[in-house]
Amino acid sequence: MSKLEKLQSEKKSGSKAKILLEVKNLKKYFPIKAGVFKRTVGWVRAVDDVSFFIRKGETLGLVGESGCGKTTTGRTILRLIEPTAGSVHYGGNDLLAMSRGKMNKYRSKLQMIFQDPYGSLDPRMRVRDIIAEGLRSAHVGNKKERYEMVEQYMEKVGLSKLYVNRFAHEFSGGQRQRVGIARALIMNPELIVCDEAVSALDVSIQAQVLNLLDDLQKEFNLTYLFIAHDLNVVKHISDRIVVMYLGKIVEIASKHELFINPLHPYTKALLSANPIPDPTIERKDRIILQGDVPSPANPPKGCRFHPRCWLAGPQCSQEEPPLIEVKPDHYVACHFWKNMEDQN
Ligand code: SF4
């Protein structure tokens, strides 16, 4: 059964939670300009034919090394960056095919929390205006009503309403990220894209913010696309995990399945590099990948991972492996996934 047929049958039978957002064949290429006339001489294929779905109420983790295209994927879904091709279906509509005006009607339902809480908050604005900004743009309530809502949502995210008149620089990093969460939450969203939302925070603060996101998900029935490079963070919060490498998805599985039975060599290497909490225990299964990540402007032919893969055969440099469902809800793009399973 193809992925599409399976999704359709799930939708009909209602056997799984409803699919909230479906990304199909998403591409984002950035032009490389050169010369006096700034002619386009090539393309950086940051996101190259990516398809996945997010179920309502789940947290989908999106992981990969820096530069693999995960942040571009998140931003393109919300049209903060315009896509090159593909579709993003939400509520029966393709967000990418909409006019900018129509898309604005969906903006409140699709919010984003950014990595750098300081950089994403206007230093000249008081926090009450930062949090109320989306409401004002959407013409929700009058000024007094908006400020009342701001106070309620500040308390929801663990900030005292006594801080409403402060500026961003008067908060700690963790508090600033709570402001970012309140700013997204006040719009009553269905989906929040968390782009490296805790990466800039200390480990103890990370745990507090992750627990807050967890609590808010339950209270408001939120769905998260959680983008991060830290597998421990993704493991903590995700229900399913998508692994990206050089603009492509290489594996999708539930977090338990992915950590116990990774079927793509890249996933296995990522997991082996994940630090274990006890520094006295020496890691024996560490896989050191050879070479650097190739340029997305000139990706290798066939499987993009083949120059660094210890399992590669002649087929790998010629044929690109498709992403296929090899077990229920476990997708992998590798010609030799069965060999990987034997090794697990
Ligand atoms: Fe390695 Fe080949 Fe699988 Fe790519 S398709 S991950 S090169 S074994």
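This briefing covers the fold, sheets, helix packing, cysteines and selected loop residues of one protein chain. The model is predicted. Its secondary structure comes to eleven helices and twelve strands. Two open sheets are described below: one has four strands, the other eight.

**Overall dimensions and burial**

- The protein chain has 344 residues and a radius of gyration of 21 Å, which agrees with the value near 20 Å for a compact globule of that length.
- Along the principal axes, the C-alpha atoms fill a box of roughly 65 × 55 × 55 Å.
- Buried residues account for 47% of the 344.
- The chain exposes about 16800 Å², and carbon and sulfur atoms supply 51% of that area.
- Of the contacts between residues at least 6 apart in sequence, 64% join residues at least 24 apart.

**The four-stranded sheet**

- The strand order is S2-S1-S4-S5, and the pairing is antiparallel.
- S2 (39-55) and S5 (93-94) stand at the edges with a single partner strand each, so one side of each has no neighbour in the sheet.
- S1 (residues 19-34) pairs with S4 (residues 85-90) in the antiparallel sense, over five bridges.
- Lys27 has Ala85 in S4 as its bridge partner.
- Helix H2 (residues 70-77) lies across S1, S2 and S4, at about 115° to S1.

**The eight-stranded sheet**

- The order here is S6-S7-S8-S3-S9-S10-S12-S11, with mixed pairing.
- S6 (110-113) and S11 are the edge strands, and each pairs on one side only.
- On average, neighbouring strands of this sheet are turned by 25° against each other, direction ignored.
- H2 packs on this sheet too, touching S3 (59-63), S6, S7, S8 and S9. The direction of H2 makes about 150° with that of S8.
- S6 and S7 (residues 191-195) pair in the parallel sense over four bridges. Met112 has Val193 in S7 as its bridge partner.
- Helix H10 lies across S9 and S10, and runs at about 105° to S9.

**Strand S10 and its partners**

- S10 (residues 248-254) is largely enclosed by the rest of the structure, because six of its seven residues are buried.
- S9 (residues 240-245) pairs with S10 in the antiparallel sense over six bridges.
- S9 and S10 form a hairpin with two residues between them. Leu246, in the turn, has a positive phi of about 50°.
- S10 also pairs with S12 (residues 330-332), again in the antiparallel sense, over two bridges.
- Glu251 of S10 stands opposite Val243, and its bridge partner in S12 is Val332.

**Cysteines**

- The structure holds zero disulfides.
- The cysteine sulfur closest to that of Cys194 is in Cys68, 17 Å away, which is too far for a bond. The cut-off for a disulfide is 2.5 Å between sulfur atoms.
- Cys194 counts as buried, because its relative accessibility is 0%.
- Cys309 also counts as buried, with a relative accessibility of 17%.

**Arg308**

- Arg308 sits in the loop between H10 (265-272) and S11 (324-327).
- With a relative accessible area of 10%, Arg308 is buried. The cut-off for buried is under 20%.
- Beyond its neighbours within four places in sequence, Arg308 is in contact with Glu65, Tyr245, Leu289, Gln290, Gly291, Asp292 and Val293.
- Arg308 and Asp239 are 69 residues apart in sequence, and their C-alpha atoms are 29 Å apart in space.

**Positive phi in two loops**

- Asn221 lies in the loop between H7 (203-220) and S8 (223-228). Its phi is near 50°, a positive value in a residue other than glycine.
- Asn221 counts as partly exposed, at 43% relative accessibility.
- Asp329 is in the loop between S11 and S12. Although not a glycine, Asp329 has a positive phi of about 65°.
- Asp329 is buried, with a relative accessible area of 14%.

Note on methods. Residues are numbered from 1 along each chain as its sequence is written. This is a predicted model: local features need pLDDT of at least 70, side-chain atom pairs count only at pLDDT 80 or more; totals for chains, interfaces and linings use all residues. Side-chain values use heavy atoms; hydrogens and water are left out. Two strands pair if DSSP finds at least two bridges between them. Contact means heavy atoms within 4.5 Å. Axes are lines fitted to C-alpha atoms, for helices over the stretch in contact, and angles run from 0 to 180 degrees between N-to-C directions. The radius of gyration is taken over C-alpha atoms; the globule rule is 2.2 Å times the number of residues to the power 0.38. Buried means under 20% relative accessible area, exposed over 50%, partly exposed in between (1.4 Å probe, protein chains only). Accessible areas come from the Shrake-Rupley method with a 1.4 Å probe; for residues, only the protein chains shown count as cover.
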